[in-house]
Structure formats: structure tokens, C-alpha cells
Amino acid sequence: MNNNIHLFRNSFNEVYTLIGSSETLPNSIPDIRICRFCGKNQDEVTFKKIAHACPELLGQNSLTIYDECDSCNEHFSKYESHLSKFFLPYLSIVGVRGKKKVPSFQSRKGHDDENTRTSLNYTNDGKINLFLNSLNDYKIDVENKTMSILFRNPAIKPIYVYKSLLKVALSFLPQIKIQKYQLLFDWLQNDDTEIVFFSTLFITKLTRKKFAKPSVQLYEANNIFTDNGFHPELTLVVNFANIVAQIYLPLSGSFDYPKSYGKSPTLELYPAFHYNIDSEKYENIEPHTPITVNYKFESIDLHSEQNSIRDEVLNFTFESGDFNIEKNSTGFL
């Protein structure tokens, strides 16, 4: 989706304050270990596994937490598997090394035809092997060094993708705020917990930057209510590969619902565009000066609990490649 959006310098930072991030994550083991997700202590559960606050599937990182028990870690793994499938094309193409290696991608079959699969993997020397068996799945412009590829992604449960990102957010929530947002922890553990949540995921695809490792920022609204609407209390921003992903967290148990009657939520987007523009050009612009920026973002609904598929076309450029066109397949080395 191409968007011509009027943005105001510092408007996001006026609405939200950073309360947790990759840079501020505690890295010491507490004397008494209590799981922040289930509330059980070291006498009731074990803490033997290394628990990552940000999954390594988004890139190798040392962002670990010491207050996630082994049982919860195992429970959340089912969410992470869906998150991995959801972002797999980006991780594979950009070459993001996960826990062990760059993940390979293999598409679903089209019309139950094995010959329609698209596959991508990295060789040991860092080259890409990309096999496209269907002429309908790609367009190549060798002269301009551009390519578009249709990725038929594996089936996933969208709500599991959302819950996996929610788990990331709650891993970075300061200890002193856990009680305030306890309802979010309850819903993460129990699907039957009643909660109001915002199921839209916003993705900005960067063209000028690739993150060497994933980073996370968790923000809390300074003032929730405005004259005409309200801001969700918390929003999460995750940077990885060439992606900036943002979700809004569910409303807490202390949210003032009567005050929200007749008002709509205002979803303030994180200004990911600044990664793709010449920052010096905007250094001296006064706050609240309108800036018109053209950039690409996508909004995806993650509300469904049913298995669903989502095909997408990714466009990118390449510097060089050997093209071997035989029959209906193309290989890139």
C-alpha cells in the first residue's frame, strides 16, 4: 500500500513515552525467581531454559529474561512457530540469521501442484539459491535489477502471531507495571479471559536500512483520552531485518470504559519513515511542522483464530546474479 501521510514531527513522542526497550532490559538474575507470566516461584516451577524476551527467529540476540519459567516458555513456543511462518519470507530474503542459520523458505503448492513451489535458501558462502517453478510467481527486470516474487505463505493462526508479539511486549514491561496490566498476562495464558484488543499489525518495509539485530521498544500513553478519542495504553515496536512492526496492546483492567463511550481509538503510528529519509534534511524543522512523506506500510488484521493463508508479493532489487532459465524454473546463485 502506498501512502501519502501528513506527519507531525515528534507527535508520536508527545503521545507515548518509552518505558521498556532492548537497551534497558535487566540482565541480572534475581535472588528469588518468580515467573512474570504465571506468577509461580522457583519452588513451584523450574527456570532451566534460556528465555528470550525477543525470539531468536527474528535474528540472533542476547535479549534474555530471567523471570519466565520453563512451563510458560514451552506454552509460548506454539505462538512463536506461527510468528516464524508469518515473517519467514522477509527473514529468508534479507538473510536474517536466526538461532542457528538463515531460515529456508518453501511456499505452499499452488492448486495442489508440486511443481509450483517456490523455495529459497542460503549457501554456506552466503549466496542465495532461489528456485521459482511457476512463471506466474515472479517478474524479473535484469536491466534495472529489480524483481517481484509471489510468496504463497504457510497457513497460520493470525491470533497466535498477535499473541507472540504480545508476549514480547510483556517481556519488556517494567516490573512495577505488571500489576496494572495483569489482565494482559491472564489473556496471554487463557483464551477464555475477556479482553478488548486491537488486532491490527502495522508493517513498514524499509528500503534504506537493514537491522543487524532485532530491537524492541515498548511505549505507554502519556494521556489516554482526548476530546474526540482515546489512545491505546501501550504500543510495541519491533525492528528486525528490513521491517518495523507495530501493534497496540489490549486495554488493561483499569481502563476507564465509561469515559470512552462515544469515542474511537486513535492509533498513532510510530514514525518508521525516519529510517528511510535524510535525517539532516529535517534536523532544523520546528515541532508541529507538517512533513509530507511517501513511504510504504501495510496493515494486517490478526484477529482470526482460524488457520488462514496470506499470499504476498515482495519487490526488491539485486546487485548481481546468474540466471539459469530452463523449462519453467529459474535459479539464482
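In the predicted model, Lys145 counts as partly exposed, with a relative accessibility of 38%. This residue belongs to the loop that links strand E8 (138–141) to strand E9 (146–152). Its backbone is notable for a positive phi of about 55°, although Lys145 is not a glycine. Most residues other than glycine have a negative phi.

A second non-glycine residue with a positive phi is Ala241, for which the angle is near 50°. Ala241 is likewise a loop residue, placed between strand E13 (234–240) and strand E14 (243–248). Lys145 is partly exposed, whereas Ala241 is buried, its relative accessible area being 1%. Ala241 is classed as buried because its value of 1% falls under the 20% limit; Lys145, at 38%, lies between that limit and the 50% above which a residue is called exposed.

Strand E13, which precedes the loop of Ala241, pairs with strand E11. The two strands run antiparallel and are joined by six bridges. In one of these pairings, Glu220 has Leu234 of E13 as its bridge partner. Strand E11 is also joined to strand E2 (residues 16–21), again in an antiparallel arrangement, here through five bridges. Within this pairing, Tyr16 is matched with Ala221 of E11.

Strand E11 spans residues 215–221, and seven of its seven residues are buried. In a regular strand the side chains alternate between the two faces of the sheet. In E11 both faces are covered. One side carries Ser215, Gln217, Tyr219 and Ala221, and the other carries Val216, Leu218 and Glu220, all of them buried. The residues named in the bridges to the neighbouring strands thus come from both sets: Ala221, the partner of Tyr16, belongs to the first side, and Glu220, the partner of Leu234, belongs to the other.

Another buried loop residue is Ala53, whose relative accessible area is 0%. Ala53 is located between strand E3 (51–52) and strand E4 (64–65). When residues up to four places away in sequence are not counted, Ala53 touches Leu25, Leu63, Thr64, Ile65, Val168, Ser171 and Phe172. Among these contacts, Phe172 is 119 residues from Ala53 along the chain, yet the C-alpha atoms of the two residues are separated by 7.1 Å.

Notes
Residues numbered from 1 in each chain as written. Predicted model: local features only at pLDDT ≥ 70, side-chain atom pairs only at ≥ 80, totals over all residues. Heavy atoms only, no water. Helix = DSSP H or I, 4+ residues; strand = E, 2+ residues; numbered from the N terminus. Buried < 20%, exposed > 50% of the residue type's maximum accessible area, 1.4 Å probe, protein only. Pairing = 2+ DSSP bridges. Contact = heavy atoms within 4.5 Å.
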